[in-house]
Amino acid sequence: MKIKVIIACCLALLLYNKAVATTLKIANDTDPVSLDPHEQLSESTLQFSHLVFDPLLRWNKNGQFEPRLATKWERIDSHTVRFFLRKNVAFRTGNTFSAKDVVYTIERLKKSPDFRAMFDTIDKVIMVDEYTIDVHTIYTNPLLLNIMTYVFPMDKAFYQGQDQIIKYGETFASRHVSGTGPYILAERKLGSSMELTRNPNYWDKNSVGNADKVILTPIRADSTRLAALLSGDVDFIFPVSPIDIERAKKVSGIQLVTLPSTRILLLHMNQNRRKEFQDVRVRKAINLAINQALIVDKILKGYATPAGQLSSDRFLGYINDLEPEYNVDRALKLMKEAGYEKGFRISMMAPNNRYMSDEKVAQAISAMLSRIGITVDLKTLPKAQYFKEYDNRSADMMMLGWQSDTMDSNNLFEFIIACPDANTGMGAYNASEYCRPEIDADIRQANREMNPERRLRLLQQIERKIYDDAAVVPLYWQSLTWAAKGNVNINDIVNDQNYPHIGDLFIEE
Amino acid sequence: MLIFLLRRLLQACFVMIIISVISFSIQDKLGDPVQQMVGMTVSPEERNQLRNELGLNDGFLVQYWRFAKGAVHGDLGTSYYYKEPALDVILEKLPATLELAFCAILIVILIATPCGVLAAIKPKHILSRLLMLISSIGLSVPIFIVAILMVYIFSIELNIAPSFGRGQTTEFFGFWESGLFNKDGLSHLLLPSLSLSIALMPIFVRLIRAEMMDVLQSEYIRFAWSKGLSARRIYFIHALKNTMLPVITVGGIQAGTLVAYTILTETIFQWPGMGFLFMDAVSRVDTPLVSAYLIVVGGIFVITNTFVDLIYGLFNPTVRLASHGL
Amino acid sequence: MKPIKKDLIHPIPGSRWNHILSGVVGDKLAMLALIIFVFYCLIALLAPLVAPYDVSDPAFMDLMNSEIPPSWISGNSQFLLGTDAQGRDLLSVILYGTRLSLTIGICAVLIQVTLGICIGLVAGYLGGRIDNFLMRCADIQLSFSNMMVAIVFLAIFQSLFGMARYQQLAMIILILVIGLTEWPLFARTIRASVLAEKQQEYVDAARVMGISSKRIMFRHILPNTLSPILVIFTVQIANAIVAEAALSFLGLGMPATEPSLGSLISEGFAYMFAGSWWICVIPSITLIILILAMNLLGDWLRDHLNPRAYKD
Amino acid sequence: MKKRELAALIDVSFTLNRGERIAIVGESGAGKSILGFSIVNLISKPGYIESGSIKLENKELTTMNLRQLQEVRGKRIAMIFQDPMMTLNPVLTIGNQLVETIRSHTNISYKDARNIAIEKLHNVQIASPEKRFDQYPHELSGGMRQRVIIASVLLLNPDIIIADEPTTALDVTIQAEILQLLLTICQDNGVALVLISHDLGVVSKVAERTLVMYAGHIVEEGPTLEIINDPQHPYTQGLLNALPQMTIPGQRLNQIQGSMPSLAERPSGCAFHPRCPYATQKCKQEQPQFIYSGVSSVACFIIEDMLNEFTDTDKEAL
């Protein structure tokens with residue numbers, strides 16, 4: 001008798017399957033560290049923020065600002081911008097969204113260790129009325145709107161009083177979330193999955209998004225992630241490794257979308273460690289010896305854009321005619337002129353799990369440098385160890401990938417090119433130890449220059465100086481690729497920042 | 001019996017102390033946890049500040065003492081990533097790993113025992129020769145190649161079973177997330193447990209065969225034959241029972257190997273168990289989690305070993321338990 | 001009735017080797033396995049001479065040649081087994097990889113043997129508390145799979161030498177890691193054999209004659225325990241190579257600049273589904289054949305020498 | 001290279017009458033045990049019976065299939081092995097091992113089988129058999145175990161018991177008890193006994209008839225007392241001389257020179273000739289035939305010659 005009951009129970013459990021309307025299963029590479037949108041400035045946190053929260057404004061596919069919770073904005077004076085907020089928006093908790101929440105959020109951002117650097121420029125936020133705010137900056141800031149894309153208003157009534165941001169340990173905000181976004185977090189298993197349901201009271205009635213349920217699973221290995229899509233376990237994956245794209249394209253019922261991104265991969269040549277690198281001819285020779293086009297073609301299978309400068313063509317600083325140049329003969333001649341005809345030996349480090357095919361790129365580069373007599377002792381490390389070494393400047397040559405937070409060239413220059421200064425944080429990732437005070441002055445000026453024309457000239461001037469000086473070796477701008485089943489219209493919702501607007505994702509039946 | 005258990009307990013403590021020292025000493029050596037916690041734009045001072053708060057700048061002994069004090073109270077530190085007590089995080093993943101290991105062992109027992117017995121009683125039979133050849137090949141193909149092939153064939157080409165994760169789980173007793181009781185969970189279990197068992201199978205087939213052949217040579221088996229017993233009774237009662245003794249011992253030792261295999265299998269199949277957690281923790285430099293994992297695995301080994309000895313005692317009446325200790 | 005040991009002379013090792021050799025010639029499968037093993041050893045030793053390209057040559061790695069299929073598909077006779085994603089000649093890389101894998105395997109097992117023999121002899125011969133202690137240590141050691149030990153060791157070595165020097169020492173460290181983790185297997189076997197041998201009359205006799213215990217251990221007991229060691233030795237080399245491959249697969253083994261068979265497979269894995277199967281499949285087959293040969297050899301040795309039978 | 005096949009027994013032939021007790025004697029390696037095992041076809045692999053015939057009441061045993069053999073084993077012919085420590089399965093209780101023997105041959109209920117087993121245990125003079133019934137072999141002493149084995153052999157009242165060195169592994173005091181027990185049981189139940197031993201002392205107490213084996217051959221056969229009092233074959237003489245009681249105190253034991261050849265090194269002609277003090281050229285070349293010497297049947301050229309001489313001189317005298 002007992003056995004029969006047990007068998008019956010087992011059968012019931014086996015047959016038990018929830019009937020779900022439209023479920024979208026997504027696999028990406030990492031899940032957010034915390035539910036607190038202000039705890040870590042990382043791609044996965046921002047992807048999550050776009051699901052559960054709404055920004056004041058966001059970038060659309062064409063690189064224009066699209067109003068979200070801010071319906072419009074206007075510049076009042078050189079230091080102030082006024083934002084008009086959307087009415088009739090409610091948080092998950094039912095609290096109504098208003099100006100107090102935005103003020104609260106920006107003030108919280110100013111306390112966040114990760115976002116502080118960006119929001120330091122904001123002096124104060126003033127509530128004009130319940131749906132209007134004025135944002136005052138300390139000095140004129142041409143990039144205020146770019147920064148405001150990082151403001152995802154949080155529910156003040158929900159968080160207030162228990163909103164501390166702690167990098168370790170448990171906080172209220174890291175466990176609980178209340179936003180205005182298209183989805184509501186239903187369940188989260190850290191490190192293995194996250195389940196969200198559609199917000200029934202979502203304010204954006206025009207959104208075509210129709211997934212009732214979203215399940216996000218992080219899958220670390222590129223090939224496993226693709227296998228999950230091909231075997232039908234998930235509907236939408238990103239990123240897709242360039243190696244697998246060709247194969248995935250051949251599979252029917254699978255669609256791929258590729259967009260060029262603004263993330264620049266580059267090499268630093270440490271001038272303090274090696275006197276050879278202080279010679280501009282050597283730096284030029286190295287630039288000439290590296291064949292960016294071949295790397296992009298062979299290793300990244302064409303899913304990147306060879307770079308001769310730091311700014312991508314979306315940025316102001318981009319100069320049309322700065323193309324990567326490959327010429328071994330000239331490189332050899334330059335080496336000879338510099339007195340290093342016999343070459344020399346350098347050490348090089350690169351991560352092996354941070355960027356797409358980073359290790360292979362590094363290997364290819366060391367092979368290319370050997371053509372001009374530079375012997376490279378290459379070490380590749382997992383990212384956890386790599387960035388420790390990076391901070392110590394442990395090798396003569398180091399690889400770095402940089403995505404501009406503000407979608408502007410100056411962010412690149414500030415962190416990668418400016419003279420290292422521990423006090424201001426300028427040049428924090430300048431592993432070249434390259435220092436040109438006049439470039440620093442330009443960078444500072446560009447940070448405040450409100451005239452777009454003059455600002456463009458300033459940024460291009462910096463870009464050209466870097467190029468002429470061969471300060472670093474730009475490699476390529478990585479492309480982003482997403483893949484999904486044919487009935488999932490990802491084409492409309494992806495963008496070059498890799499924050500897919502899943503709230504607007506339409507799934508055909 | 002009591003003395004045996006007490007001795008075992010003492011040993012376990014000794015072992016755990018050694019393990020805790022080792023696992024603690026690797027903290028801070030795997031990379032900088034602070035680097036992983038903050039964004040790219042955070043200044044060095046702030047990082048140092050954070051490091052001070054975490055106590056990472058104290059001396060080794062100070063840190064160890066703090067760690068040991070906590071460990072006694074079941075506090076193995078707080079995972080940097082999960083922001084929860086490391087022990088809780090690991091215990092939460094334990095059911096997944098145990099279910100995987102359990103299913104793999106079940107498959108191994110169900111298949112390896114008859115195969116091993118067959119190969120032992122009919123060593124010249126074509127089937128046993130084939131079996132031994134297959135087991136030789138199986139022994140020679142590394143588990144990660146097996147796993148890759150399985151994903152490729154069953155998941156991508158044939159689309160029979162899912163290639164990653166655990167699928168739907170049902171909760172029991174409030175803490176045990178089980179995937180054994182629904183179709184989705186079982187289908188997810190298929191490939192990982194199969195590839196894990198394929199890795200273990202050859203070892204056990206060979207072991208059972210060798211031990212069985214050894215036992216079949218023994219006097220008491222010959223005496224059993226001389227008594228005119230049926231072949232079935234001799235093989236499955238007289239011989240198998242004696243065969244299983246060393247198999248159990250080796251099985252206990254294999255527990256360590258099983259842990260290694262689960263790391264590989266879980267990594268390839270994204271099985272959300274302890275091994276996957278461990279590799280994740282290593283790559284995230286979540287040092288409290290790494291050392292907690294080492295301690296938990298060490299503990300599991302000590303427990304299984306004790307159990308193996310106890311079971312050994314049950315199976316083998318000749319063993320006096322007390323003589324087995326230090 | 002127990003046969004009486006005729007005298008104090010232990011079995012002569014020379015005759016054992018003849019015994020093995022004559023047996024190998026008789027068994028076709030064992031012969032094949034031996035030939036394969038010797039072949040691998042030879043190409044590993046002679047890799048620099050046999051390989052069509054010099055891997056240390058700066059021109060060896062040329063992205064222009066990347067992912068060329070094996071010559072029977074591409075018709076390109078320049079690269080017999082094709083090239084990998086970096087444009088390296090796969091044949092040359094595999095030859096050097098085999099050399100590395102075998103070196104790591106054999107050296108690691110040599111460490112295991114040395115440690116295992118010493119500990120096993122001491123434990124078995126002295127017995128008592130020392131024996132118990134050592135065997136407990138063996139248990140503890142076995143509880144940690146070499147993968148975990150590897151991570152611990154890698155961390156310690158890294159902090160000792162610094163990351164930069166570490167990768168130059170990767171091979172030695174791998175040898176140490178694998179060598180230090182599997183000694184209990186040898187130690188247990190030796191101990192068991194010693195315990196069995198100890199009861200034999202000739203050991204008693206040797207002791208009565210006033211031969212020191214060290215001498216008894218090494219001159220009298222050790223030669224008699226060689227058979228099981230030989231068997232385990234063969235199988236352990238295979239295991240060590242697999243362990244190295246697994247560590248490399250997890251990204252803990254040899255650096256990509258000096259690939260072993262395991263790191264080649266792991267690297268090629270990404271290309272497996274992308275169409276360039278040979279980058280993963282050919283090293284895998286190379287590895288599997290080597291391991292299979294070692295295992296067959298070990299099996300055959302086990303059956304042929306029948307270590308258990310040697311006790312009497 | 002083909003593996004060599006070696007013959008362990010050559011030209012061995014004897015008959016056993018109902019209720020008769022015979023002994024097979026020889027050094028280790030003579031083939032005594034193989035002879036014992038081959039009777040019930042229990043030779044361990046890779047050994048096998050190449051040719052010959054073993055009959056039990058006109059039923060050929062060598063050609064029987066396993067099922068038929070199982071009928072014979074235990075029920076008709078039972079065996080007692082050399083080492084009682086190794087003969088009982090260590091992981092099964094005594095009772096279990098006794099009952100299974102009964103139940104595999106008859107359709108008796110467990111309870112009845114248990115009663116029979118306990119009765120037999122009682123018969124072999126085991127104290128408190130009910131208690132022993134549930135114990136494991138390792139809880140019993142060596143002598144005790146041999147009694148259990150004898151009890152298990154008696155369970156089905158077999159016609160023949162083959163005892164392979166049943167007392168070798170036991171203490172001398174217990175040896176005598178076990179032998180006495182064996183003898184009594186055989187006499188009481190009319191069971192035929194094949195006692196395999198290297199010890200002529202043991203044999204003399206139990207067996208009516210003795211077969212002496214050397215290197216796979218029977219070299220002498222006859223009534224036990226006659227053989228012991230007047231051994232004919234040089235090998236039998238050597239065996240007897242080697243017994244301690246045959247020597248004067250203080251004198252060295254009379255060893256037979258050399259040792260038994262292994263199967264692979266069996267010499268030509270009479271296998272004993274390298275060790276035989278009387279060996280002639282003929283011994284090295286030809287295989288001697290059995291002849292009746294008046295005391296026993298012997299295969300030896302020396303005896304043959306002596307007999308011939310004797311008859312010749314007899315004739316002359318006549």
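Helices here are DSSP runs of H or I with at least four residues, and strands are runs of E with at least two. The model is predicted. The predictor gives the complex an ipTM of 0.73 and a pTM of 0.76.

**Chain C**

Residues 100–128 of chain C are 97% helix and 0% strand. The end C-alpha atoms of this span lie 41 Å apart. Residues 29–51 of chain C are 91% helix and 0% strand. There the end C-alpha atoms are 28 Å apart. Both spans appear in an unreviewed UniProt entry, which lists them under "transmembrane region". That entry also lists residues 140–160, 166–186, 225–250 and 270–298 of chain C.

| Span of chain C | Helix | Strand | Distance between end C-alpha atoms |
|---|---|---|---|
| Residues 29–51 | 91% | 0% | 28 Å |
| Residues 100–128 | 97% | 0% | 41 Å |

**Chain B**

Chain B has 12 helices and 2 strands. Along the sequence, the pattern runs α-α-α-α-α-α-α-β-β-α-α-α-α-α. Of the 326 residues of chain B, 49% count as buried. Take the contacts in chain B between residues at least 6 apart in sequence: 70% of them join residues at least 24 apart.

**Chain D**

Chain D holds 13 helices and 10 strands. Its radius of gyration is 22 Å, close to the 20 Å that the globule rule gives for 318 residues, so chain D is as compact as a globular protein of that length. Along the principal axes, the C-alpha atoms of chain D fill a box of roughly 75 × 50 × 45 Å. Of the 318 residues of chain D, 41% count as buried. Among contacts in chain D with a separation of 6 or more, 62% join residues 24 or more positions apart.

Confidence varies along chain D. The average pLDDT of chain D is 81, and 92% of the residues score at least 70. Within chain D, helix H13 (residues 301–317) has the lowest confidence, at a mean of 70. Strand E1 (residues 21–25) of chain D has the highest, at 89.

**The largest nonpolar core**

The largest nonpolar core has 390 residues. Which of them touch the most other members? They are A:Ile237, B:Tyr293 and D:Ile161. Domain 1 (23–221 + 486–504) and domain 2 (260–479) of chain A both give residues to this core, so the core lies between them.

A:Ile237 can be followed further. Leaving out residues up to four places away in sequence, A:Ile237 touches A:Ala27, A:Arg225, A:Leu226, A:Ala228, A:Leu229 and A:Ala483.

Notes
Residues are numbered from 1 along each chain as its sequence is written. Chains are lettered from A and ligands numbered from 1 in the order in which they are written. This is a predicted model: local features need pLDDT of at least 70, side-chain atom pairs count only at pLDDT 80 or more; totals for chains, interfaces and linings use all residues. A nonpolar core is a set of buried Ala, Val, Leu, Ile, Met, Phe, Trp, Tyr and Cys residues joined through C-beta atoms within 7 Å. A residue is buried if 20 or more other C-beta atoms lie within 10 Å of its own, exposed if 12 or fewer, and partly exposed in between; C-beta atoms are placed from the backbone. Domain bounds come from an automatic or database domain assignment. Two residues are in contact if their C-beta atoms, placed from the backbone, lie within 7 Å. UniProt positions are given in the numbering used here, feature names are shortened, and annotations may be inferred rather than shown by experiment. The radius of gyration is taken over C-alpha atoms; the globule rule is 2.2 Å times the number of residues to the power 0.38. pLDDT is the predictor's confidence in each residue, from 0 to 100.
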